Amino acid sequence: KFESLFIDKAPITAADVRPLMTPVQPVTDEWTAYLDYLHHSNSLVERVYQLDKQHAFDDTGTPEGKQFAAERLAAGASELRDLIVSAWIESAKPVPERHSTESH
């Protein structure tokens, strides 16, 4: 319900999410950053069930449900933005020359 029906109905706007986003943090190790993001998200599963039991995601939700959803949208948007910014920064760096191990 949280990731589908509720998000479709909840009146959450960019104005709700934007102030919750983190400052830009370029990523040097994409894999580790992504795994950290997933582990943190996974740590909130119990909270999702607690909120669901409190009907926080029914219809357009409760203030607590909306806040939780806005926080998770901000976290996802921040993560994606940081990965995109990092890819853009890395794309400007010269590609190292490849040296063949074959003899000529």
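Start in helix H1, which covers residues 2-9, and select Phe 2 and Phe 6. Both sit in that helix, four residues apart, or about one turn. Keep in mind as you click around that this is a predicted model.

**Stop 1: the aromatic rings**

With Phe 2 and Phe 6 on screen, look at how the rings face each other. They make a stacked aromatic pair, with 6.5 Å from centre to centre and 20° between the planes. Are these two residues buried or exposed? Phe 2 is buried, and Phe 6 is too.

Now keep Phe 2 and add Phe 68. These two make an aromatic pair as well, this time a tilted one, at 5.4 Å centre to centre with 55° between the planes. This pair links distant parts of the chain: Phe 2 belongs to helix H1 and Phe 68 to helix H5 (residues 63-91), with their positions 66 residues apart. Phe 68, like Phe 2, is buried.

Add Phe 57 to your selection. Ring pairs join Phe 2, Phe 6, Phe 57 and Phe 68 into a cluster. How many aromatic pairs does the structure hold? There are six.

**Stop 2: the largest pocket**

Stay with Phe 2 and Phe 68, and add Glu 3, Val 48 and Arg 72. Of the 16 residues that line the largest pocket, these five lie nearest its centre. The space in this pocket comes to about 410 Å³. Which elements give two or more residues to the lining? Colour H1, H3, helix H4 (45-53) and H5 to see them.

**Stop 3: Lys 1 and its partners**

Next, select Lys 1 and Asp 52. Their side chains meet in a salt bridge, 3.3 Å from N to O. Lys 1 is in the segment before H1 and Asp 52 is in helix H4, so this salt bridge ties together parts that are 51 residues apart in sequence. Lys 1 is partly exposed, at a relative accessible area of 46%. Asp 52 also counts as partly exposed, with 28% relative accessibility.

Bring in Asp 58 too. Lys 1, Asp 52 and Asp 58 are linked in a network of salt bridges.

**Stop 4: Lys 9 and the loop between H4 and H5**

Select Lys 9 and Asp 59 for another salt bridge, this one at 4.0 Å from N to O. Here too the pair links distant parts of the chain: Lys 9 is in helix H1, while Asp 59 is in the loop between H4 and H5, 50 residues apart.

Zoom in on Asp 59. Its relative accessible area is 52%, and Asp 59 counts as exposed. Asp 59 is not a glycine, yet it has a positive phi of about 50°.

Where is His 55 found? His 55 is in the loop between H4 and H5. Check its backbone as well: His 55 has a positive phi of about 65°, although it is not a glycine.

**Stop 5: a salt bridge between neighbouring numbers**

Go to Arg 81 and Asp 82. Their side chains meet in a salt bridge at 2.8 Å, N to O. Why does Asp 82 count as buried? Its relative accessibility is 5%, and buried means under 20%. In total, the structure has five salt bridges.

**Stop 6: a nonpolar patch on the surface**

Turn on the surface and select Trp 31, Tyr 34 and Leu 38. Together they form a nonpolar patch there, with about 330 Å² of accessible area. Leu 38 is in helix H3, which runs over residues 30-42. With a relative accessible area of 33%, Leu 38 is partly exposed.

**Last stop: Val 17**

Finish in helix H2 (residues 14-17), where you'll find Val 17. Val 17 counts as buried, at 11% relative accessibility. For a final distance check, draw a line from its C-alpha atom to that of Lys 1. The two C-alpha atoms are separated by 20 Å, and the residues are 16 apart along the chain.

Technical notes. Residues numbered from 1 in each chain as written. Predicted model: local features only at pLDDT ≥ 70, side-chain atom pairs only at ≥ 80, totals over all residues. Heavy atoms only, no water. Patch = residues over 30% accessible without salt bridge, like charges linked within 9 Å, V, L, I, M, F, W, Y side chains within 5 Å. Areas by Shrake-Rupley, 256 points an atom, 1.4 Å probe, with all protein chains shown as cover. Buried < 20%, exposed > 50% of the residue type's maximum accessible area, 1.4 Å probe, protein only. Phe/Tyr/Trp six-rings, centres within 6.5 Å; stacked < 30°, edge-to-face > 60°. 1 Å grid on protein atoms, 1.4 Å probe; cavity = no way out; pocket = protein on both sides within 12 Å on 5 of 7 lines; lining within 4 Å. Points joined across faces, edges and corners; volume = space filled by probe spheres on them.
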